[in-house]
Amino acid sequence: MITKNNPMNLFAGSKAIIHLLIFLLISSCEAQSNPNGKVVSQEKIKSSNLIKLEEFVKNHPDNGESSQSLGMVSNGSLKNGKLMPFSGKNFQYFDTSSYTMGRAFVHSKVREIVLLTYEAMEKETPDHRYFLMETSNEKGGKLDPHHTHQNGLSIDFMTPLLKNGKEYNGLDTMGVTHYFMEFDDNGYYKKDTSVTINFDIIALHLLQLNKEAQKQGMKIEKVIFKLELKDELFACKYGDMLKQSGIYFAQRLTPMVNSVHDDHYHVDFGFIK
Ligand SMILES: [Zn+2]
């Protein structure tokens, strides 16, 4: 979820401006890696990103201890944060720079839940590739411009898409600018209405996440998804199951927070008390 106390609130409703902050944060880091300003070929950028990625993973080994989430998603920290794998058989993280800036850490149980869910989805949705977006810093705390994501229990999942009714990943690898994408209230991509949200996959994914969470003594505490898209989600093939699951969806959002939760759905996990 994006901060509502952010000075960017002045631009409430303008998704592009809100996410400009993430973009600037990440792209300024990239710019520093090329201080001489030379034009670098796409191939070289790709291979240097790969090296950075490998180094980052190597420098953040798992210490084998379980994590501890302290405080709340909106004011908290994380002990023994675990790095999500950059990719797996049917999933990948959305942006190499975001990843190497350390924005993909979670609580150990959340990592387990998310990975076991992807494993289960290999059978349920064998043709679908899942993308996850920002999670938390290694030690939690503020992750600008998100309001939550502070204690390893929050994850942004990329909204799955269809193009002309068929599985479509063509817009999933655009990196951090993915946060800028805008959809109308029926789930059509504003720049190309042949692209629509795949609500069936969202529903199935959330149901499985909640199932795996319960095995770990946890649950989905809250989902944040654009309010106007919820009727489409609940009208999908698995909508009734989603309703019956009791997974809580945010009921009221500020216009700014609402407007940014279409290209991704935000999930907060919580411990069952
Ligand atoms: Zn979020």
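Here is a walk through the structure above, from the whole chain down to single residues.

First, some ground rules. This is a predicted model, in which local features need pLDDT of at least 70, side-chain atom pairs count only at pLDDT 80 or more, and totals for chains, interfaces and linings use all residues. Residues are numbered from 1 along each chain as its sequence is written.

How far does the predictor trust its own model? The protein chain averages a pLDDT (the predictor's confidence in each residue, from 0 to 100) of 89, and 85% of the residues score at least 70. Two stretches to treat with care are residues 1–13, where the pLDDT is below 50 although the model gives them 35 contacts beyond near neighbours in sequence, and residues 29–35, also with a pLDDT below 50 and with four such contacts. A contact here means two residues whose C-beta atoms, placed from the backbone, lie within 7 Å.

Now the overall layout. The protein chain has eight helices and 13 strands. These elements are DSSP runs numbered from the N terminus: helices are H or I, at least four residues, and strands are E, at least two. Of the 273 residues in the protein chain, 39% are buried. Buried means that 20 or more other C-beta atoms lie within 10 Å of the residue's own; with 12 or fewer a residue is exposed, and in between it is partly exposed, with C-beta atoms placed from the backbone. Look at contacts between residues at least 6 apart in sequence, and 76% of them join residues at least 24 apart.

Next, the core. In soluble globular proteins, nonpolar side chains tend to be buried together. A nonpolar core is taken as a set of buried Ala, Val, Leu, Ile, Met, Phe, Trp, Tyr and Cys residues joined through C-beta atoms within 7 Å. The largest one has 48 residues, and Leu 132, Val 267 and Phe 269 touch the most other members. The elements giving two or more residues to this core include strand 7 (130–132), strand 8 (154–158), helix 4 (108–124), strand 12 (218–224) and strand 13 (264–271). Helix 5 gives the most, with eight residues. For a close look, pick Val 267: leaving out residues up to four places away in sequence, Val 267 touches Ile 155, Phe 157, Leu 209, Ile 220 and Val 223.

Strand 12 is mostly covered, with five of its seven residues buried. Six bridges join strand 12 to strand 13, and the two run antiparallel. Along this pairing, Lys 219 stands opposite Gly 270 in strand 13.

Two helices make a nice contrast in burial. Helix 2 (residues 42–58) has 17 residues and reaches 24 Å from its first C-alpha to its last, close to the 24 Å expected at 1.5 Å a residue; that expected span is 1.5 Å times one less than the number of residues. Helix 4 also has 17 residues and reaches 24 Å. Yet helix 2 is hardly covered, with a count of zero buried residues, whereas the buried residues of helix 4 include Val 110, Ile 113, Val 114, Tyr 118 and Met 121.

Just past that helix, Thr 125 is in the loop between helix 4 and strand 7. Thr 125 counts as partly exposed because it has 19 C-beta neighbours inside 10 Å. Neighbours within four places aside, Thr 125 is in contact with Ile 201 and Leu 204.

Between strand 7 and strand 8 there is a loop that holds Pro 145 and His 149. The peptide bond from Asp 144 to Pro 145 is cis, with omega near 0°. His 149 has a positive phi of about 60° although it is not a glycine. Is His 149 buried or exposed? It counts as buried, because it has 31 C-beta neighbours inside 10 Å.

Finally, a small open sheet has three strands in the order 10-9-11, with antiparallel pairing. Strands pair if DSSP finds at least two bridges between them. The edge strands are strand 10 (166–168) and strand 11 (195–197). Strand 9 (residues 161–163) is joined to strand 10 by three bridges, and Lys 163 has Lys 166 as its bridge partner. In the loop between strand 9 and strand 10 sits Asn 164, whose phi is positive, near 50°. Asn 164 is exposed, with 8 other C-beta atoms within 10 Å.
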